[in-house]
Amino acid sequence: MLKILKYSFYDLIRSRWSYVYFLFYLILGFVLLFLNNDVSKAVITLMNIIIILVPLIGTIFGVMYYYNSKEFTELLLAQPVKRSSIFFGQYLGVAGSLTMSLVLGLGIPFVLYGLFKSDAIFDFSLLLVTGAFLTLIFTALSFNIALANENKIKGFGYAVLIWLFLAVIYDGLFLMSLIIFKEYPLDSFSLAATMFNPIDLSRTLILLKLDISALLGYTGAVFKQFFGTHQGLFMSMLMLILWTVLPIWRLVHKAKQKDF
Amino acid sequence: MIQVENLYKKFGKNEVLSGLDLSIEEGGIFAVLGPNGSGKTTLIKSILGMVVPNKGNISVGGISIKKNWKYRKNIDYLPQIANFPGNLKVKELIRMIKDLRQMPSKEEELIELFKLEPFLNKKLSTLSGGTKQKVNIVLTFMFDCPLLILDEPTTGLDPASLIHLKKLLQKEKSKGKTILVTSHIMQFVAEVADTVIYLLEGKIYFKGTIDTLMEKTQQTDLEHAIAAIATTPNHA
Amino acid sequence: MFYSERVLVFMLLLWVKCLVGNTIPICANCDIRSIKEGITVASDFDTLLIKKGTYKEYNLLVNKPLTLLGENYPIVDGEDQGEIIRIVSDNVTIDGLFIINVGTSYTTDYAAIRVVESENFVIQNVVLEKLFFGIYLEKSKNGKVYHNKIIGDAIDEYNSGNGIQLWYSKNVEVEKNIVQHVRDGIYLEFSDNITIKNNTSTDNLRYGLHFMFSNDDVYSNNTFENNGAGVAVMFSKRIKMTGNTFKKNWGTAAFGVLLKEINDAEISGNTFEENTIGINIEGSNRIKYINNNFIKNGWAIKVLGACYTNSFSGNNFLYNSFDISYNSKLNDNVFDQNYWSEYTGYDLDKNGIGDVPYRPVKLFSYIVNKTPETIVLLRSLFMDIIDFSEKVSPVFTPDNLLDANPLMKPSK
């Protein structure tokens, strides 16, 4: 598997898209810092971008890579290599190179701008960790979609749809249900609904850091327990890990049954 | 060498293999023939483990291939469409496959044979179809495995390379290897194959030597024999 | 000539001595061993020099102008019996005592030091621990509470008292005190013309500073941090709050400052940082908010009910979850030339003022007011989208609530 990972990663590192992605983050980082002139503010803006853009890029890139590397996959399938290794290795190659682009692309401008001297370092590292998780999750989701759809266009369509659903539509439905059922105690429900969407989950993680003063304004005991203690951080992290592991597991499992 | 028992495979509603039984003995060149969509590639891919059958058993060298991948160490496979990762250079691809298989290889003489030296540092995406097929052949023949599976090896080859390929096949055969070939070029089949396996509607319709086939169909050349076989009653 | 000069000097010294009074030392081996005894024997304007040691005394009544001066912080231990020092005379100074164990009662507000209907008192350099009420000024005037340290151990509101309490008092300066872990750090009721400055009031159970029905008071350069509910300012007029810091007041009903029925006040140069609500305004009118910093609060300003003719200018709103929240569609307040970190407009004519007005009230804050659980959707893309549409055409939020001249850079 490590060999597959090595070659996928190598393949990606040499592809134009990794550089585009890397440069995009590099430029984004510099532009944000240049416009804001303030690490804390740039971190907040960045958070909004990361939560939306990282999943989108992870999804698109994952689907694209899967379809583009079909030949490579087929070449490997005839070789004495375990199937799960092929897919897991490729997945890690994509997710790894995307994560690297993200971390380096954003890390370099912020470090140059004096991140280590600023008190935003914890916020920033949390941001990168969340971004890495989102990359892992959405690349895994996109691999699942691509694996299930031979048709490229269909695969792309579903991938974008899933992103749109989790990034926007889910929250809309979530908000509506909260407003409709506002007579009922909703804090457990709203926390649970957050857990079922990796984007919301990452958002919550960042809220815990940036908006804790606002979150503590709400009366619910469950909320208080969740946001006021370390429970929120642990739960969110745990769920993010689960969100990462489950699609990967499904990917490997489905790959074993697929015909090529 | 290869035992296939009662193999079934459906793609959606389309049943491609329906209860296929096949036994391939060790040594010699076997040509798998059949009309388009008869399941040639599916059969080959099933043997390679790329297609997971719905039902039935396959064993290679006496070992069942189910949930097994190590048996592929003994197979060299030439895929039908030579699609390679476009980002890689030819040299890198060869190095990668060698790295993956960890076996002694003889790529230099093959590269020389097919005159691929000028292309070694080119990216695969820039190569022509024929050159790609040559690379494909190099990758397949550079190892020394007892079983060779070639899916349409002649595609896109120039006459000189075709001659090289035929020589290669004879050479490998002389080493006592088992070689499985599919092709639509009957002339090629007639030249190289010892045994013909004819697939029709997901089953083996005929298996035997070329001479037997001609005799049976009362034709004088293989092309007509193959064309006529479907109308002849099955005695395989 | 020489002699007469000497006599003159001697006479002068005697006169001064008479006015200043004698110094009476009190210690375990002195002639006078207790403070109570000292007060009894002392005459007006004497100084009781209380040397290092522990004095188990309570209900000390200071009924003549005396100075109680501690040397190396002698301990006055009330042994939880009740009040410790009560001042009923003018011109009393308490300096350098370490007072502990004030009695707790559900019916009487026992204090470590209580000043009753007196003038010109000074209470300074006193350390209070294990107290019920700390320093309690009752109908007193023209005094000074300076550089004291009050450290309580309050757990429940019902059986704890306030650090410094002023009741019907006038012209008092409360300066450089440190108050922690009591119910209300500083509490004022019906007290006018009070100056409260450079105090630090932290970790108190309820309010860091709490005042009601007290007019014409000035609060400046104090720090209020991590108090149960922040600072409450209620039913008062002409208050001036400048240069204070309100920090980390977190909780359901916690705020930096609660303004309730406050009129004609000036709030300037304060910093509100990481509070659940920076300023909670209820029924307060004609208040000027100038040059304050609102940093990382949940809500920088929450306006409830009718508040008229308030003006906000030169304030910096930095990274708050919500800048302004309104619970009504009415707005009679003016926002002008503030800096908003969320402002995304441009300044083409380079005059430092954004060319597009800024709308500080988000639709989302309106939604959160109605359905508090929706707070978990903070910073969601969906919310940003509907906030944006609300900004373009306000339906739920006051449409005239905007800063027409948002600053491009934070004001200093």
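In which helix of chain A does A:Ile162 lie? Select A:Ile162 and the surrounding segment: the residue belongs to helix 7 (residues 152–180) of chain A. Helices here are DSSP runs of H or I with at least four residues, strands are runs of E with at least two, and both are numbered from the N terminus.

Before the tour continues, some conventions are needed. This is a predicted model, in which local features need pLDDT of at least 70, side-chain atom pairs count only at pLDDT 80 or more, and totals for chains, interfaces and linings use all residues. Residues are numbered from 1 along each chain as its sequence is written, while chains are lettered from A and ligands numbered from 1 in the order in which they are written.

**First stop: around A:Ile162**

Keep A:Ile162 selected and add A:Thr59, A:Leu141 and A:Ile145. A:Ile162 touches these three residues, when residues up to four places away in sequence are not counted; two residues are in contact if their C-beta atoms, placed from the backbone, lie within 7 Å. A:Ile145 is 17 residues from A:Ile162 in sequence, and their C-alpha atoms are 9.5 Å apart in space. Is A:Ile162 buried, exposed or partly exposed? A:Ile162 is partly exposed, because 17 other C-beta atoms lie within 10 Å. A residue counts as buried with 20 or more other C-beta atoms within 10 Å of its own, as exposed with 12 or fewer, and as partly exposed in between, with C-beta atoms placed from the backbone.

**Second stop: the whole of chain A**

Now display chain A as a cartoon. It has 12 helices and 0 strands. Along the principal axes, the C-alpha trace of chain A spans about 60 × 45 × 30 Å. The radius of gyration of chain A is 20 Å, which agrees with the value near 18 Å for a compact globule of 260 residues; this radius is taken over C-alpha atoms, and the globule rule is 2.2 Å times the number of residues to the power 0.38. Of the 260 residues of chain A, 48% count as buried. Among contacts in chain A with a separation of 6 or more, 83% are between residues 24 or more positions apart.

Next, colour the segments that the UniProt record annotates. An unreviewed UniProt entry places the annotation "transmembrane region" on residues 20–36, 42–67, 88–112, 124–146, 158–181 and 233–252 of chain A. UniProt positions are given in the numbering used here, feature names are shortened, and annotations may be inferred rather than shown by experiment. Select residues 88–112 of chain A: the span is 100% helix and 0% strand, and its end C-alpha atoms lie 35 Å apart. Residues 124–146 of chain A are also 100% helix and 0% strand, with end C-alpha atoms 32 Å apart.

**Third stop: where the chains meet**

Show all chains together. Which chains have the most contacts among the 2 pairs that touch? The most contacts are between chains A and C. There, 27 residues of chain C are in contact with 30 residues of chain A. The side of chain C that touches chain A has 12 nonpolar, 11 polar and 4 charged residues. Ala, Val, Leu, Ile, Met, Phe, Trp, Tyr, Cys and Pro count as nonpolar, Asp, Glu, Lys and Arg as charged, and the others, Gly among them, as polar.

Turn to the contact of chain B with chain A, which takes 20 residues from each of these chains. On the chain B side, helix 1 (40–48) and helix 2 (90–101) are the elements that give two or more residues. Helix 2 of chain B gives the most, with 4 residues. By class, this side of chain B has 12 nonpolar, 2 polar and 6 charged residues. No contact joins chain B and chain C, and their closest C-alpha atoms lie 37 Å apart.

**Fourth stop: chain B**

Isolate chain B, which has 8 helices and 10 strands. Its C-alpha atoms fill a box of roughly 55 × 40 × 35 Å along the principal axes. Of the 236 residues of chain B, 42% count as buried.

Select strand 9 (residues 195–200) and strand 10 (residues 203–209) of chain B, which pair in the antiparallel sense over 6 bridges; strands pair if DSSP finds at least two bridges between them. B:Leu200 stands opposite B:Lys203 in strand 10 of chain B. This hairpin has 2 residues between the strands, and B:Glu201 takes a positive phi near 50°.

Finally, select helix 8 (residues 222–229) of chain B, where B:Leu222, B:Ala225, B:Ile226 and B:Ile229 are buried. The buried residues of helix 8 of chain B fall within an arc of 95° seen down the axis, so they line one face of the helix; the arc is that of the directions from the helix axis to the C-beta atoms. These buried residues pack against strand 3 (28–33), helix 6 (186–192), strand 9, strand 10 and helix 7 (210–217) of chain B.
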